[in-house]
Amino acid sequence: MNEGTPDYRDSGLEFPADFVFGSATAAYQIEGAVRQDGRGPSIWDTFSHTPGRVLHGHTGDVADDHYHRLDSDLDLMKRMGLESYRFSIAWPRIQALGSGAVNPKGLAFYSRLVDGLLARGIAPIATLYHWDLPQALEDRGGWTNRDTSHRFAEYAHHMGEALGDRVAMWTTLNEPWCSAYLGYGSGVHAPGITSGRAALTAVHHLNLAHGLGLSALRDAVARPATQYSATLNLHVIRGVEDDESSPEAIRRIDALANRAFTGPMLRGAYPDDLIADTASVTDWRFVRPGDLELINQPIDVLGVNYYSTVTVRMWDGRTPRATADGHGEAAGSPWPGSTTVDFVQQPGPYTDMGWNIAPDGLEELLLSLREKFPTLPLMITENGAAFPDEVVEGRVHDERRIDYLRRHLTAAHRAMQQGVDLRGYQVWSLMDNFEWAYGYTKRFGIVHVDYDSLERTVKDSGHWYGELIRGRRIPE
Ligand code: FCB
């Protein structure tokens, strides 16, 4: 292979003994049992039951029925050889209305999950918030209401007290970009609001929840080895060749998508250009004195979710706009103050989501994080691909997913060779599940789920991943 142009299709690359290979899921996407054992409704229950919001009217009511199949799913993880499992806790199972006393049955489920993982030698990585806000809090403004950040801290404290002696790594938020901009800006995610001002208010209250939640967890957890993190879907943003407007478009999207979170969390300030770009939308009065100190807490690991890249330029208002931003048709924009940035179709190949496959983007992202935050360890908390898989005679031959995983693991390995402190890789996803606004139409699992029988079938990629973990090297 030519040194300068890697194809990322390597095999045989070895990973260090302490590198943690696992897989990831999220509560609403797999659990089902939405009305059981005292769980209250979340914004995703309301949203998915609202006609027109989710493809084919799919909901998470049953999902993978993981709530009732916990033990057999744990056995499956063990058979596949996973070393870690990144799951999320459904806040409305713990506090049906988002505040007040905890629901012992909800806690018991996650306690059983954590014990089941430990009994099988799998490290628990717990995310506190993967988008399923208690509906009762949304009824009072959700993430546009500052009180939600305080309620989140209270919930975090309860979870720290209950599971803090056993969880290896805590993540406060998963992809606050999606919660804020897709939930309150473009409206393609719950709660489906389309307001730039609401989206930016949500950005800040999510950042505040992260800071307050971290403090609350640390207060409640006595276990010294515990690690604390947040997971971001940082955008890898490219320009159009020879287009003079691209640098400006890149700067704007970098401010909204990336620095709006890394700024306060890791540097203790919102970027000046972000404030300026969004001046017509909000004066940022919701940022109160002292907030940035609360948000800017040390974390042990930054979780990185990576799927693909975006390419941008400024729209001149005359020529037709290129394409959407890869997040579906929307009534609102996920880019407050920068709605004239144009997202250009990128070269393929693509996954079933229409997302371009670009392992070089992952390498670039990891290297740029090392450059910006040299002492911060990283973990890939999501990476994976949707393809329309089918079970044929008991097997799922998902060669394209194996190819995707191989190339992205090669990219991760290349970054590590160049000095990136990367601690692990959690493939998205353990099993096919409810893919938000796309319902069950997109299959990301390394395990296939038959949505009629709920039967699980390990895909070829799942077997391949197991071989990788056993050998600690990328297989043929
Ligand atoms: C991420 C989400 C995850 C899943 C993947 C495909 O944005 O965190 O729940 O939907 O995308």
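**View 1. The shell around the ligand comprises five nonpolar, three polar and three charged residues.** The structure shown is a predicted model. The ligand is surrounded by Gln29, His130, Trp131, Asn174, Glu175, Tyr307, Glu382, Trp428, Glu435, Trp436 and Phe444.

**View 2. Side chains of glutamine 29, histidine 130 and tryptophan 436 approach oxygen atoms of the ligand.** In the side chain of glutamine 29, an N or O atom is 2.8 Å from an oxygen atom of the ligand. For histidine 130, the distance between a side-chain N or O atom and a ligand oxygen is likewise given as 2.8 Å. The side chain of tryptophan 436 places an N or O atom 2.9 Å from an oxygen atom of the ligand. Of the 300 Å² that the ligand exposes when taken alone, the protein buries 95%.

**View 3. Tyrosine 28 and tryptophan 436 form a stacked aromatic pair.** A pair of aromatic rings is described by the distance of the centres and the angle of the planes. The structure holds 34 aromatic pairs. In the pair of tyrosine 28 and tryptophan 436, the centres are 6.4 Å apart and the planes differ by 20 degrees. Tyrosine 28 belongs to helix α1 (residues 27–30), whereas tryptophan 436 lies in the loop between β11 (422–428) and β12 (447–449), so the pair ties together parts that are 408 residues apart in sequence. Tyrosine 28 counts as buried because its relative accessibility is 2%. Tryptophan 436 is also buried, with a relative accessible area of 4%.

**View 4. Ring pairs link aromatic residues into a cluster.** The cluster consists of Tyr28, Trp44, Phe47, Trp131, Phe434, Trp436, Tyr440 and Tyr451. Trp131 and Trp436 are also among the residues around the ligand.

Note on methods: Residues are numbered from 1 along each chain as its sequence is written. This is a predicted model: local features need pLDDT of at least 70, side-chain atom pairs count only at pLDDT 80 or more; totals for chains, interfaces and linings use all residues. Side-chain values use heavy atoms; hydrogens and water are left out. A residue is near a molecule or strand if one of its heavy atoms lies within 4 Å of it. A polar contact is a pair of N or O atoms within 3.5 Å; within protein, one must be able to donate a hydrogen and the other to accept it, and residues adjacent in sequence count only if both atoms are side-chain atoms. Accessible areas come from the Shrake-Rupley method with a 1.4 Å probe; for residues, only the protein chains shown count as cover. Ala, Val, Leu, Ile, Met, Phe, Trp, Tyr, Cys and Pro count as nonpolar, Asp, Glu, Lys and Arg as charged, and the others, Gly among them, as polar. Rings of Phe, Tyr and Trp (its six-membered ring) pair if their centres lie within 6.5 Å; planes under 30 degrees apart count as stacked, over 60 as edge-to-face and the rest as tilted. Helices (H or I, at least four residues) and strands (E, at least two) are DSSP runs, numbered from the N terminus. Buried means under 20% relative accessible area, exposed over 50%, partly exposed in between (1.4 Å probe, protein chains only).
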